[in-house]
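Colleague: Please take a close look at one part of this model, the packing of the first two helices, and then follow the chain outward from there. I would like one connected account.

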Amino acid sequence: AGKLELAESFLADMKEKKVEITTETYNNLISAAGNADKPERAIEVFDAIVDAGLERDHKSYSRMIDALEDTPYSDDMFTVFKEMASHGISSSKFKDIVTEGSNRKE
């Protein structure tokens, strides 16, 4: 979790110094949380994007789905994907997710 702690510290410094925090900043923190096997933190950061008055972009969704993969929250990947699609964001990367999702029973 060392890189996640470093990213969290960097974010706190940015806030303290009143540096503009962008969607990309949050996206990088989602990646750090995913890489540290902290899907709960990734979810918090994903939600914080909207709470900060910013818009999620294709990287937000992609990194969130990656952070949820192979975790107890993996079923939430489909919810994130559906939200992404409802905002008109698409990516060929998610073709496998759609295929796998259509094979699941709800």
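Modeller: What follows starts with the helix pair, moves to two loop residues and ends with the last helix discussed here. The model is predicted.

Helix H1 covers residues 2–16 and helix H2 covers residues 23–35. Their axes come within 8 Å and cross at roughly 155°. An angle over 145 degrees counts as roughly antiparallel, so H1 is roughly antiparallel to H2. The crossing in which H1 passes H2 is left-handed. On the H1 side, the residues that meet H2 are Lys3, Leu4, Ala7, Glu8, Leu11 and Met14. Their counterparts in H2 are Thr25, Leu29, Ala32 and Ala33. Sorted by class, this contact has 7 nonpolar residues, 1 polar residue and 2 charged residues.

Two of these residues come up again in the loop that follows. Lys38 lies between H2 and helix H3, which spans 39–51. Apart from neighbours within four places in sequence, Lys38 is in contact with Leu4 and Ala33. Leu4 belongs to the H1 side of the helix pair, and Ala33 to the H2 side. Lys38 has a relative accessibility of 36%, so it counts as partly exposed. The C-alpha atom of Lys38 is also separated by 7.9 Å from that of Ala67, although the two residues are 29 apart along the chain.

The next loop, between H3 and helix H4 (58–68), holds Glu55. With a relative accessibility of 67%, Glu55 counts as exposed. With neighbours within four places in sequence left aside, Glu55 is in contact with Thr23 and Ile49. Thr23 is 32 residues away from Glu55 along the chain, yet their C-alpha atoms are separated by 6.9 Å. Residue 23 is where H2 begins, which links this loop back to the helix pair through the contact of Glu55 with Thr23.

Further along is helix H5, residues 76–86, whose buried residues are Met77, Phe78, Val80, Phe81 and Met84. Seen down the axis of H5, these buried residues fall within an arc of 160°, so they line one face of the helix. The face turned away from that buried side carries the exposed residues Thr79, Lys82 and Ser86. Just after H5 comes Gly88, with a positive phi of about 80°.

How values were computed:
Residues are numbered from 1 along each chain as its sequence is written. This is a predicted model: local features need pLDDT of at least 70, side-chain atom pairs count only at pLDDT 80 or more; totals for chains, interfaces and linings use all residues. Side-chain values use heavy atoms; hydrogens and water are left out. Axes are lines fitted to C-alpha atoms, for helices over the stretch in contact, and angles run from 0 to 180 degrees between N-to-C directions. Helices (H or I, at least four residues) and strands (E, at least two) are DSSP runs, numbered from the N terminus. Angles under 35 degrees count as roughly parallel, over 145 as roughly antiparallel, 65 to 115 as roughly perpendicular and the rest as oblique. A crossing is left-handed if the near helix is turned anticlockwise from the far one by less than a right angle, and right-handed if clockwise. Contact means heavy atoms within 4.5 Å. Ala, Val, Leu, Ile, Met, Phe, Trp, Tyr, Cys and Pro count as nonpolar, Asp, Glu, Lys and Arg as charged, and the others, Gly among them, as polar. Buried means under 20% relative accessible area, exposed over 50%, partly exposed in between (1.4 Å probe, protein chains only). The arc is that of the directions from the helix axis to the C-beta atoms.
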